[in-house]
Each structure stands twice: as structure tokens, then as C-alpha cells.
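Please examine the structure below with attention to its backbone geometry, its charged pairs and its internal spaces. The paragraphs that follow take up these topics in turn.

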Amino acid sequence: MNIQTPASLSPKDYATDQEVRWCPGCGDYAILKAVQKAMADIGADPANTVFVSGIGCAARFPYYMETYGFHTIHGRAPSFATGIKLANPDLDVWVVGGDGDGLSIGGNHTLHAVRRNVDISYLLFNNEIYGLTKGQYSPTSRPGTRSPSTPHGSLDSPVDALSFALGVNARFVARGIDRRQDHLPGLLARAHAHKGCSFVEIIQNCIVYNDGVFEHFTEKEVKADMQLEAEHGKPLLFGKDREKGLRMNRHTLELEVVTLGDDGVREEDIIVHDETNRTIGGALARLKPPDFPVAIGVLYCSPAEQSYEQAVLSQNRAIADKARTKGDMNALLHRGATWEVAA
Amino acid sequence: MEGGSVILDESGNELESAVVRFAGDSGDGMQLTGTQFTQATAMARNDLATFPDFPAEIRAPAGTTFGVSAFQIHFGSRTIRTSGDAVDVLVAMNPAALKTNLADLRKGGLIIVDTGAFTARNLSKAGFAASPLEDGTLEGYRKLEVDMTRMTVEAVKPFGLGNKDAQRCKNMWALGLVDWLFGRDRTINEDWLKQKFASKPEIADANVAALNAGHAFGETADMSREFRAFVVPPADIAPGTYRALTGAEGVAMGLVAGARLAGLPLLFTGYPITPASALLHLLAPLKDYGVTTFQAEDEIAAVCAAIGGSYAGALGVTSSSGPGIALKTEAVGLAVATELPLVIVNSQRGGPSTGLPTKTEQSDLYQAVYGRNADSPLAVVACHSPGDAYFAAIEACRLAVKYMTPVMFLTDGYIANAAEPWPIPDFEDHEPFPVAFRTDPEGYQVYARDPETLARDWVKPGTPGLLHRIGGIEKHHLTGDISYDADNHQKMTDNRRNKILGIARDIPDQAVDQGREGGKVAVVGWGSTHGPIGRAVSNMRARGHDVSHIHIRHIWPMPPNMGDLLKSYETILVPEMNTGQLVTILRAEFLIDAKPVNKVNGKPFRIVEIEEALEAWL
């Protein structure tokens with residue numbers, strides 16, 4: 001087996017020889033391609049990289065990445081990833097899962113991996129449906145979704161992945177779209193560069209069970225008007241001619257869409273994206289069509305001093321250095337009161 | 001005989017063994033009092049066994065019967081195998097403690113009560129219509145009535161404590177008196193108090209004063225001659241250095257030792273649950289021993305993180321009690337399928353469901369051996385005492401890393417909390433079992449197996465040239481690629497089964513604890529019934545009966561001689577604190593007509609109960 005140096009790798013070097021088994025036309029292909037490109041762009045060392053997944057269509061991802069991979073059980077990938085990072089913090093760990101995996105059965109683990117700030121890149125593929133079990137509605141499905149388990153339309157309110165993550169103190173929150181190959185690899189590179197838990201929602205079309213559910217903002221004709229690409233330090237403008245923007249309504253404290261030139265609106269009135277600003281990040285995460293565009297890009301990024309496993313290990317080291325027993329097993333066995341029984 | 005046969009000789013007062021129980025409100029500090037008396041007793045070179053029995057509620061309403069916490073210690077000049085059948089001396093700190101514990105006191109036994117707590121209010125909370133001290137309830141027992149509350153408050157007066165803090169010292173007053181009663185040197189208790197309250201010297205001084213006052217009361221008070229000090233001579237104990245060891249400590253140190261012998265860091269993951277949490281508490285400070293502990297968000301996350309740790313090259317260990325183990329089950333199946341080392345410690349408690357969290361039971365044996373979906377074999381190891389827990393935990397670690405398998409380690413609430421004197425082993429005497437991670441890419445296949453152990457190679461992510469993917473989907477028996485092939489699944493199922501069964505070749509033959517191979521009756525046990533079975537068999541043998549004791553550590557797979565050994569007896573009796581689980585496995589595996597002896601009341605077997613069961617077959 002040849003051991004390549006990371007610098008020489010191209011996207012296809014990150015692909016395994018396994019036959020990819022997603023449905024033809026599935027958005028997962030595009031995401032796989034973007035991830036492989038991002039890996040090549042950042043020069044990721046395959047031997048030092050681990051993809052961890054739960055169960056679902058998205059969770060087959062590790063089999064297609066020429067890295068280390070662990071396909072685990074439904075919803076629990078973040079917990080496995082936490083253990084991996086605690087055992088070896090030097091590994092580059094990616095978690096991949098769908099909306100059912102990460103926000104339904106595994107919601108609890110997503111919550112805790114995010115709030116603990118374990119240094120992982122969590123890619124949540126959101127197709128608003130259960131694909132592998134043949135099309136039941138999911139926790140991100142919009143109300144009224146007709147599916148085999150909700151033939152008359154679903155009744156419950158969906159969870160917004162990024163608002164959820166921000167609600168549990170995520171320090172890196174981003175959104176991408178499977179079809180945006182021009183945008184997604186860069187976003188993934190940003191997620192990878194972030195130390196701590198980077199949470200990325202990737203809008204993904206399920207061609208079989210939920211086809212077209214995102215087309216009102218992903219189709220070519222509408223995307224300029226319905227996607228807002230947030231970039232740090234730049235005004236939040238969108239539209240074919242970047243003629244529209246977001247402004248803060250001082251009376252309602254909410255964002256509103258304005259058009260430059262209308263009613264004297266100038267570019268200075270448009271909010272400049274500050275990805276370290278939680279309020280802006282939260283407001284962008286919540287924007288929904290038809291009144292608003294969907295915000296993509298890094299919506300919030302504010303790294304902590306240390307990620308969770310770094311904090312654990314530095315505490316371990318500090319306490320160990322001070323310990324008088326210095327790991328002496330016999331000292332441990334003799335701890336506490338002892339007494340001698342003479343012969 | 002143990003327990004019930006002890007006689008508190010009114011003139012000589014030299015006892016072979018004695019059972020003392022401290023009982024009081026859960027806020028009275030009975031566990032501390034018992035632990036401290038245990039320390040003093042161990043220093044006096046008695047052999048001993050303890051049984052802490054406390055309520056599930058943290059602070060049940062004061063004075064109620066369900067808030068009573070008790071600590072029993074059995075000590076003596078000969079080998080002590082159990083915490084004792086019947087109580088010789090009962091210290092009752094309030095009416096509720098007297099009410100709930102009196103039935104266990106043997107006739108003629110001594111009751112020491114704090115009359116200061118026998119107020120009308122406390123009597124009514126305990127459900128006494130009249131004071132049991134006066135209405136004849138205590139007829140047939142000897143009683144020592146002392147107003148401990150008042151005497152404690154007086155003794156600690158110089159230290160300026162408030163009334164409430166002053167009264168909290170009365171457990172030390174009681175300890176002082178019992179120390180005197182059995183001629184204990186209370187220096188060790190005094191040292192402990194000074195250390196524990198180092199930052200609050202006035203509290204330390206007050207407690208020491210109460211301890212001394214209780215002791216002085218015994219020495220000087222005008223007590224009738226039946227209350228003079230008892231003498232329990234030192235036991236004939238093998239020479240060496242000893243410490244008091246609880247089962248939780250034994251498991252904790254065994255896991256640390258196991259990881260060290262494997263040459264691995266230990267990743268211990270848990271979620272708070274009674275009675276398993278003690279392990280997490282004991283391991284969390286041991287950072288200089290290469291231990292990382294992780295309190296996960298739930299039981300499932302805990303086991304998954306442990307498996308993740310093993311995947312990345314640490315020894316992953318998770319711990320819980322029955323209900324938590326149930327939650328971990330799916331992930332354990334993944335560890336079976338991906339063939340990763342994992343130790344799962346189950347501190348069993350009464351069930352089903354929440355059951356009796358603080359009471360002991362052995363009812364998770366089926367869960368350990370069979371309790372997963374599909375054919376998911378793993379190894380099961382059970383410990384039988386605090387000291388044995390240390391060695392059994394090392395064995396669990398050895399099997400996990402050598403066979404790349406999850407190992408279920410069974411202990412129970414009784415072992416976890418019980419203490420015994422332990423001759424401290426020398427760590428250098430343990431045989432190391434260092435793990436050799438695969439680093440050679442040449443010819444590597446993910447599921448290729450060692451021909452002897454059938455274990456696959458352990459490859460740490462981060463190793464160049466060995467990139468691979470594993471997971472819960474069935475894999476090709478060599479390459480590890482996803483395979484839905486029918487023959488392959490048969491082969492992999494067989495591999496998993498044969499690997500675990502093959503462990504039988506790597507464990508010692510089943511020994512006979514007492515007695516001989518072949519004969520009339522063998523009593524076969526596992527886990528914490530070791531003490532009562534051992535004493536019952538020894539008592540019956542002393543009476544000339546042909547009965548042997550076999551105690552199983554390797555529950556799955558069983559030692560290779562097990563079938564022949566069991567078939568060499570006319571009758572097999574299997575006492576268990578469940579409705580008959582090991583007995584069913586023995587019947588299924590060896591086609592023998594083993595008989596169950598069952599008890600599930602949250603308490604360990606009494607020796608006499610096993611003797612009675614035996615008598616029917618002798």
C-alpha cells in the first residue's frame with residue numbers, strides 16, 4: 001500500500017473503491033463531492049481523519065471516504081465522536097448524519113456534543129424526510145407534509161436545526177446547500193478550521209421521497225432572490241443585482257428586507273454581517289421564505305479558548321502533575337488506612 | 001455456626017464473632033459511624049464483613065421508618081464470610097430505627113437507644129402508640145438506655161456550636177461507646193475526624209469530644225455487669241499489609257490495573273445511577289493513572305463514548321446498573337459486530353424497572369448473557385466479594401483486549417457497598433497482557449483473525465496505510481466491506497460465536513471452593529452469594545455432611561470442565577438472589593437437573609436459609 005503525503009492529494013484520492021449506493025440524483029452525491037474537494041483543498045491527512053456516522057442514508061457517508069470511518073448506530077454518532085476525541089484529540093473527526101438521526105433519535109447527543117464544544121465538524125444533511133425507511137415525515141418536515149405515516153398531512157411544528165444549535169450555545173453555525181458546489185467546499189473548510197464543534201446544516205434534496213421541497217430557493221431562477229450569502233464584514237445584500245438587503249427594524253427589533261434606493265434606503269442602512277455577533281447569527285438562522293431569503297454561509301463563529309476534550313486533557317495533565325502518587329499502582333492499592341499483620 | 005449462634009457471654013464475654021448494627025435517620029451519619037467502627041475493628045485484627053443498608057431517598061423526612069439508614073458489621077476471630085444472620089448489638093438512634101431493625105436482633109441481644117430521640121413526636125412518626133422502651137416490646141432483649149442527644153450536647157458545649165450542629169455529633173458519641181464496648185482503639189477515628197474537618201477545626205474538636213465522651217461513658221458510668229466490655233480476640237489472619245476494601249473500590253482499582261497491564265489509557269464513561277455511581281466517583285480523581293472519566297448525557301452516550309474510546313485505542317469502560325445497562329444494549333451489539341474491546345460493569349440492584357435502587361439482587365444474569373437482539377455473544381465475568389472484584393475486573397479487561405470483545409462484568413449493590421479487610425497484592429506480581437496495535441499495512445484485512453483467539457487486529461485511526469471503515473452492517477469475513485451475502489453472514493455469525501466460546505480454553509478449570517469433586521450435593525453459586533454459601537457449606541461439612549461449594553466467575557463462556565464437574569454430583573443446588581437464572585443456564589447448557597434456591601427480598605441470603613435448603617437434600 002502506498003502512503004501518500006497529504007499535499008499531493010486530489011479530491012478523488014479521498015474516494016474509496018466502494019460502489020456508492022445512494023439513489024441516482026440524490027443530493028448526497030453532491031455533498032460527497034464537496035467534502036472530497038474540501039479535504040483536498042485543506043490538505044487533510046486521510047490517516048488522521050475519521051468520519052463517524054449514525055444511521056440513515058447520509059450515514060453511509062464513511063464508506064465512501066478513503067479515511068478512517070465508523071458507521072455506528074442511530075443517532076449516537078456524536079457520542080462515539082466524543083469518545084474518540086477524548087481518547088485521541090489529535091484525530092480530525094467529522095460527524096455526518098441526517099435530520100432524523102441528528103435531531104430526532106439523536107437530538108440529545110447533538111445537543112450535548114454542541115454545548116460541550118467537542119472539536120468535531122458536524123454535518124447535518126437536512127432533507128426534511130426519512131429516506132432509508134421509505135419516506136416518513138421527519139422532525140424538520142414542514143407542517144402538512146404528507147408521508148406514509150402522515151397520509152393526511154403532518155401536524156407538528158418542525159425544529160430549525162441552526163436555531164437549535166445556537167440555543168445550546170453552538171460556537172460555529174453555518175448553512176450550505178447540496179447544489180451550491182461553488183459555495184459548499186469553502187464552507188466545509190471553514191468548519192474544519194474552527195476549533196470546537198462546528199455545526200453545519202446542509203440542505204439536501206431527497207429525489208425519491210421529498211423531491212423539490214427546497215426548489216423555491218434552490219432553483220436557478222429563484223436562487224439569487226431567495227438565497228442570502230452571509231460573509232463576515234460585508235453587508236447582507238442579495239438579489240440578482242445585489243439590490244436587496246437586510247435592515248433592522250428599530251420598532252420591532254426584527255430584520256426586514258429592503259431594496260436599495262427605495263424610500264431612500266442606502267447601503268449604509270444594511271446590516272454588515274459580523275459572524276461573532278450571536279444576535280445576527282440567530283436572526284439569520286431563522287429567516288424563511290417566502291418573506292425572507294434563506295441565509296447560507298457562516299452565520300455565527302466565536303471560538304472558545306479550548307474545546308471540550310482539550311479542556312479535559314489539560315485538566316487531567318494539571319492534576320496528574322500535582323499528584324504525589326505519580327501513577328504508582330502500588331501507591332493506589334495502599335491508599336487510605338493500612339495495617340500490618342505480623343507473621 | 002455464624003451469626004445466630006454467637007453468645008454474648010455475660011461473665012467471660014469472649015466471643016468468636018459478633019454482629020453490630022448501627023441504625024438511625026438517614027441524616028444521622030450511620031454509614032460514617034459504621035465505616036469508622038469498621039476501620040477500628042480492622043485495626044484490631046478481626047476479620048470482618050459489612051452490609052450498609054440505606055434508603056433510596058437522600059433525606060427522607062426525619063424520624064420516619066422509610067428514612068432509616070443502617071450499617072451492619074460482622075467481625076470475629078475466625079474467617080468471616082457474611083455480614084451476619086442475626087444482630088447481637090443494635091444501636092438505635094431513634095424510634096423508627098428501633099422499629100425497622102428490631103426483628104433482626106437475636107433474642108437476648110443488646111439494644112442501645114438514644115432516649116433523647118424517643119420523643120412523643122418521633123414515637124408517633126415511627127408508628128408506636130406507646131414507648132417501646134416501657135411497654136414490654138423489648139422484653140427478652142437487654143437494653144441500654146442513654147440520653148445520647150443530651151450528653152453529646154453537653155460534651156461539645158466548649159466548642160460553641162449551635163444546637164443543631166452539636167446534636168449532629170451524637171453519632172460519634174455512639175461510636176465512642178461501641179468502641180469501648182468492644183475494646184477498640186479509637187485513635188484511628190480521631191485521626192479521621194481531624195483530617196475530614198481539617199478546614200473546620202471546631203467541628204473536628206467537637207466530634208472528637210463526643211467520641212471521647214461516649215467512650216468515657218462506657219468506662220466510668222455505673223453500668224450493670226451485663227454491659228461490660230466484650231472481647232473479640234484477633235483472628236488468625238495471614239501475615240501481610242491490609243486495608244479495608246469495598247467492592248466499588250475493588251472494581252475501580254481492578255479496572256485501572258487492567259488498563260495498566262494492557263498498556264492502555266482508560267476511558268471510563270458513566271451516567272449517574274445508584275449503586276453504580278461510586279465507580280465514577282472513585283475513578284474521576286485518578287488522573288495520574290492515565291484515567292479519563294466522562295459523565296455522559298445519558299447511558300447510551302456513555303457506552304457509545306466508551307466504544308469510541310476503544311476504537312481510538314484506549315480501553316473503553318462503561319458502568320451502570322440494570323436499567324442503564326438495558327439502555328446501552330444496542331451499542332453493545334455494535335461493539336460485538338465491530339469486534340472492539342469494551343468492559344461494561346453492571347452493579348446490579350433490585351428490579352424490574354426502577355425496582356429497589358439501593359437494595360441488592362442478582363437478577364441481571366440473563367440480561368448479561370442473552371440480553372441483546374440477534375446472536376450477539378460476549379464474555380460475562382462475575383465477582384463475588386470486594387477483594388475478588390479487583391482480580392475479576394483485571395480478568396474482564398484481559399479478555400476484552402485479547403479477544404476484541406465486549407465483556408459484561410457483574411457485581412451487585414451488596415458487593416459494591418460491603419467492605420472487607422484485604423491483603424494488598426503487589427502489582428508487580430500481576431501478569432501483564434500488553435496490547436499490540438497493528439501498524440503493518442502488509443496484507444492487512446479488517447476482519448482477518450488471529451488463528452488462536454479468532455480476534456481481529458486492533459488498528460488505531462491515525463495509523464498510516466491501514467485506512468478502513470467499520471460499522472454495524474454485516475461485513476465481509478475478511479475484507480470488512482459491506483456484505484449481504486448469505487453464506488458470509490453464516491460465517492460471520494459462526495466466527496463471533498466461536499471466538500467467544502474459544503475463551504473457555506483460556507480460563508482456568510472450574511475449581512471446587514470447598515469439598516471435593518463428585519459426591520452427594522454441590523451448591524453452585526455466582527456473585528455475592530459466595531459468603532453465605534461458603535459459611536453454610538462449611539457449617540454443614542462440620543456436621544459431617546457430604547456437600548461441596550462451587551462458585552462460578554466465568555459465567556460465559558464457562559470453564560471447559562464445568563459439565564463433567566457438575567455431573568459428578570448427585571444433586572446440584574443453585575442459590576440465587578433472583579427467580580432462577582444461573583440454574584436455567586446450567587440446565588440448558590449441561591442437561592442437568594439443577595435445583596433452584598431463590599430469594600429476592602433485597603437482602604443477601606442468610607446462612608441459615610441456605611442450610612435449610614441444603615438439609616432437604618442431605
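In this predicted model, A:Asn117 counts as buried, because its relative accessibility is 6% and the cut-off for burial is under 20%. The residue is found in chain A, in the loop that runs between helix H4 (107-116) and strand E4 (120-126). Its backbone deserves attention as well: phi of A:Asn117 is near 70°, a positive value in a residue other than glycine. Most residues other than glycine have a negative phi, and most peptide bonds are trans.

A second asparagine in chain A also departs from that rule. A:Asn169 is not a glycine, yet its phi is positive, at about 70°. The loop that holds A:Asn169 lies between helix H5 (161-167) and strand E5 (172-177) of chain A. Is A:Asn169 buried or exposed, or does it fall in between? With a relative accessible area of 48%, A:Asn169 is partly exposed, whereas A:Asn117 is buried at 6%.

The peptide bonds offer further points of backbone interest. In chain A, a cis bond joins A:Pro289 and A:Pro290, with omega at about 10°. A:Pro290 belongs to the loop between helix H9 (278-286) and strand E11 (294-301). In chain B, the bond between B:Thr274 and B:Pro275 is cis, and its omega is about 0°. B:Pro275 is likewise placed in a loop, here the one between strand E8 (266-270) and helix H10 (277-283) of chain B.

The charged side chains come next. Side chains of opposite charge can pair when their charged atoms come close. Over all chains, a search of the whole structure finds 44 salt bridges. One of them is formed by A:Arg116 and B:Glu297, whose closest N and O atoms are 2.8 Å apart. Because A:Arg116 lies in helix H4 of chain A and B:Glu297 in the loop between strand E9 (291-295) and helix H11 (299-311) of chain B, this pair joins two chains. Both partners are covered to a similar category: A:Arg116 is buried, with a relative accessible area of 10%, and B:Glu297 counts as buried at 11%.

Another salt bridge stays inside chain A. A:Asp160 pairs with A:Lys288, and the closest N and O atoms are 3.8 Å apart. The pair links distant parts of the chain, since A:Asp160 is in the loop between E4 and H5, A:Lys288 is in the loop between H9 and E11, and 128 residues separate them. The loop of A:Lys288 is the one already described for A:Pro290, between helix H9 (278-286) and strand E11 (294-301). A:Asp160 is buried, with a relative accessible area of 18%, while A:Lys288 counts as partly exposed at 45%. These two residues also belong to a network of salt bridges that links A:Asp160, A:Arg175, A:Glu201 and A:Lys288.

Chain B has a long-range pair of its own. The side chains of B:Asp104 and B:Arg606 meet in a salt bridge, at 3.0 Å from N to O. B:Asp104 is in the loop between helix H2 (95-101) and strand E5 (105-114), B:Arg606 is in the loop between strand E20 (595-598) and helix H20 (607-615), and the two are 502 residues apart. B:Asp104 counts as buried at 12% relative accessibility, and B:Arg606 counts as partly exposed at 28%.

Sequence separation and spatial distance can also be set side by side for B:Ser17 and B:Thr79, which are 62 residues apart in sequence and 9.4 Å apart in space, C-alpha to C-alpha. B:Ser17 is in strand E1 (residues 17-25) of chain B and counts as buried, at 1% relative accessibility.

How many cavities of 30 Å³ or more does a search of the whole structure find? There are six, and the largest has a volume of about 60 Å³. Strand E2 (47-53) and helix H15 (413-417) of chain B are the elements that give two or more residues to its lining. Among the lining residues are B:Phe51, B:Asp53, B:Lys359, B:Tyr414 and B:Gly602. By class, the lining has four nonpolar, five polar and two charged residues.

On the surface, A:Ile207, A:Val208 and A:Tyr209 make a nonpolar patch of about 240 Å². A:Ile207 lies in the loop between strand E6 (198-203) and helix H7 (215-218) of chain A, and it is partly exposed, with a relative accessible area of 34%.

Conventions. Residues numbered from 1 in each chain as written. Chains lettered and ligands numbered in written order. Predicted model: local features only at pLDDT ≥ 70, side-chain atom pairs only at ≥ 80, totals over all residues. Heavy atoms only, no water. Patch = residues over 30% accessible without salt bridge, like charges linked within 9 Å, V, L, I, M, F, W, Y side chains within 5 Å. Areas by Shrake-Rupley, 256 points an atom, 1.4 Å probe, with all protein chains shown as cover. Salt bridge = Lys/Arg side-chain N within 4 Å of Asp/Glu carboxyl O. Helix = DSSP H or I, 4+ residues; strand = E, 2+ residues; numbered from the N terminus. Buried < 20%, exposed > 50% of the residue type's maximum accessible area, 1.4 Å probe, protein only. 1 Å grid on protein atoms, 1.4 Å probe; cavity = no way out; pocket = protein on both sides within 12 Å on 5 of 7 lines; lining within 4 Å. Points joined across faces, edges and corners; volume = space filled by probe spheres on them. Nonpolar A, V, L, I, M, F, W, Y, C, P; charged D, E, K, R; others polar.
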